[in-house]
Amino acid sequence: MQKGILILSILFGLHLGFAQNSEVLADNYFKRGEFKKALIIYEELNKEKPYSYNYIFKLVETHQQLEQYDEAEHILVQRLEKRRNPTIVIELGYNYQLKGSLDLANKYYEEAISYINENPNYIYSVAKKFEDHSLLDQAIRVYNKGKELTPDKDFSIQLARIYGDQGDVEKMFSNYIEYVAYRPNYLNNIKRAISDFISENSDNENNIFLRRLLLKKLQQEPNPYWYEMLSWLYVQEKAYSKSFIQEKALYKRNPVSLDRIIELAVTAHNDNDDDTAKDIFNYIIETTQDASTALTAHQYILEIDTNNATSTKELDAIDEKYSMLFDEFGKSELTIPLQLAYGKFLAFYKKDTQSATAFLRQSMKLNISEFQEAEVKLLLADILVLQEKFNEALIFYSQIQMNLKNSTISQEARFKVAKTSYYKGDFDWAESQLKILKASTSQLIANDALDLKLLISDNKFEDSTQTALKYYAKADLLAFQNRTDEAISLLDKILKEHSTESIVDQALFQQAKLFEKKKQYEKAEVNYQRIISDYSEDILADDAYYYLAELYNTQLAKPEEAKQLYEKIIFEHEDSIYFIESRKKFRMLRGDSIN
């Protein structure tokens with residue numbers, strides 16, 4: 001008996017496997033447009049399972065692709081004679097629509113919709129069948145009827161997607177917001193869905209729709225998720241101060257965590273809205289009970305003040321603030337990030353490398369982790385490079401590599417070994433290190449390594465003395481040392497004395513970035529334009545297009561010129577790393593309502 005059951009099980013499994021393979025084969029034929037081959041298999045499958053709606057719909061669709069509408073109609077009518085299913089009714093109506101009989105098609109569509117009154121369980125299947133045939137108005141009717149018949153269920157997410165497909169953004173937003181009220185835990189999903197329909201421009205029509213809807217909701221029912229959503233919208237518009245107002249309101253309602261406010265402060269800082277960032281960090285300092293959080297906020301404020309300092313008096317005031325913080329929080333493993341920031345401040349801003357080195361050596365004597373020690377050594381080595389004590393710097397970098405093998409900081413140290421060797425003019429050794437780093441687990445390090453390797457390999461053979469490359473490496477070092485004017489002058493020397501060599505476009509690009517640093521935007525513009533006109537076929541062409549577009553868009557108030565350059569990247573540099581950002585900014589400048 002058991003043997004017989006086993007044989008039957010094996011035969012059933014073989015039959016099931018055959019059916020599944022046949023369906024896959026038929027589907028592949030259908031996708032490739034080989035409808036006659038697909039039809040033969042679907043007919044066989046339908047005979048084996050005559051009550052499977054799946055095979056009926058596939059069979060009908062294949063006949064329709066072959067414009068065999070009468071055959072499709074015959075199959076559907078036969079099935080309806082056995083049972084009046086509304087999805088089959090819709091399919092029959094759609095078949096009539098394909099034949100050009102719109103009145104007859106609408107009659108069947110209305111019949112299918114009427115079934116919902118009798119049995120609301122049909123709502124999803126009927127609406128989905130209408131959607132499958134892009135009969136979106138009918139699908140909307142079904143979902144709206146569903147709201148009336150089953151008030152305990154919610155169809156706003158389905159309606160939102162349909163309205164989005166129709167381009168009715170206001171109704172789409174209304175339904176997405178309705179769904180947030182129904183399922184607040186889906187808020188992040190809704191933000192992702194909406195993000196494609198808004199832009200950085202607060203005057204964009206879609207942004208105005210959404211903002212009005214959210215403000216109205218806040219007036220009606222001040223739930224946390226409306227504050228969160230409005231804050232998110234303001235972040236998309238880079239209106240960080242307005243987002244801060246919403247985040248404060250959220251925190252006052254539920255003062256558990258400052259994480260969202262900290263994240264907003266960092267975002268504003270990274271986007272160069274320093275005034276708002278400082279306001280938020282000061283709020284964090286006033287509000288938090290956590291010493292670590294307060295210390296981080298203090299450190300960010302000092303970083304902002306340092307970057308904006310224009311006089312010795314301002315730098316001295318910042319130095320005093322560091323001293324006050326060390327008095328308050330002490331010098332231990334907990335304040336290593338602040339100690340690193342202070343060491344960098346002393347060396348790179350106050351130009352007091354001796355004090356910076358002495359201070360950091362004291363940090364290394366603390367009871368700190370191996371990783372923290374590596375961070376201190378990395379900065380000490382950077383300061384030694386700043387002083388052009390290259391061999392001493394290489395010792396520190398090599399120690400980090402030996403002590404923390406395969407870590408990100410070890411890879412960063414290896415890159416700095418290569419960069420230091422490059423500064424020294426030892427291009428062969430630098431190149432050998434960079435080859436290894438191309439496979440770095442850190443994408444940023446890998447990209448930087450590749451860029452530097454290409455710079456060396458493309459230019460080291462052009463001149464046996466490698467004079468131009470040595471000048472360029474020296475200019476790079478001067479830029480690192482914050483000796484910007486000297487770096488610009490040395491790059492000028494390359495442009496005048498080595499005007500026929502391949503390094504010229506690199507020199508123009510590097511000089512343009514230094515001009516931007518000094519806010520000499522018209523000079524940067526000239527350099528970018530020269531790269532575009534004289535080196536349009538070279539590797540830096542898309543960089544020049546993008547940076548010049550950014551210059552026009554953000555500093556020189558030439559939006560039309562910026563738009564043309566973004567468009568150039570979109571249509572002529574599809575593989576550029578700037579492609580996605582260029583497309584986004586081009587559409588915003590063009591005034592598209594949907595991104």
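What share of the 595 residues of the protein chain counts as buried? In this predicted model, 48% of the residues fall into that class. The accessible surface of the chain comes to about 31100 Å², and carbon and sulfur atoms account for 49% of that area.

The secondary structure of the protein chain consists of 32 helices, with zero strands. The radius of gyration is 33 Å, well over the 25 Å given by the globule rule for 595 residues, so the chain is more spread out than a compact globule. Along the principal axes, the C-alpha atoms fill a box of roughly 95 × 70 × 60 Å. When contacts between residues at least 6 apart in sequence are considered, 51% of them join residues at least 24 apart.

Charged side chains were examined next. The protein chain carries 74 positive and 93 negative side chains, and the centres of these two sets lie 3 Å apart. Side chains of opposite charge can pair when their charged atoms come close. A search of the whole structure finds 38 salt bridges, and three examples are described below.

One salt bridge links Glu 44 with Lys 47, with 3.8 Å between the closest N and O atoms. Both residues belong to helix α2 (residues 35–48), where they are three residues apart, about one turn of the helix. Glu 44 is partly exposed, at 41% relative accessibility, whereas Lys 47 has a relative accessible area of 63% and is exposed.

A second salt bridge is formed by the side chains of Arg 260 and Glu 247, at 2.7 Å from N to O. Because Arg 260 lies in helix α15 (residues 259–270) and Glu 247 in helix α14 (residues 240–253), this pair ties together parts that are 13 residues apart in sequence. Arg 260 is partly exposed, with a relative accessible area of 35%; Glu 247, at 5%, is buried.

In a third case, Lys 558 pairs with Glu 525 in a salt bridge whose closest N and O atoms are 3.4 Å apart. Lys 558 is found in the loop between α30 (541–554) and α31 (559–572), and Glu 525 in helix α29 (residues 521–534), so the bridge ties together parts 33 residues apart in sequence. Lys 558 has a relative accessibility of 29% and counts as partly exposed. Glu 525 counts as buried because its relative accessibility, 11%, is under 20%.

Salt bridges with shared partners also form a network, which joins Lys 191, Glu 228, Glu 247 and Arg 260.

Definitions and conventions. Residues numbered from 1 in each chain as written. Predicted model: local features only at pLDDT ≥ 70, side-chain atom pairs only at ≥ 80, totals over all residues. Heavy atoms only, no water. Helix = DSSP H or I, 4+ residues; strand = E, 2+ residues; numbered from the N terminus. Rg over C-alpha atoms; globule rule 2.2 N^0.38 Å. Buried < 20%, exposed > 50% of the residue type's maximum accessible area, 1.4 Å probe, protein only. Contact = heavy atoms within 4.5 Å. Areas by Shrake-Rupley, 256 points an atom, 1.4 Å probe, with all protein chains shown as cover. Lys, Arg positive; Asp, Glu negative; His and termini not counted. Charge placed at Lys NZ, Arg CZ, Asp CG, Glu CD. Salt bridge = Lys/Arg side-chain N within 4 Å of Asp/Glu carboxyl O.
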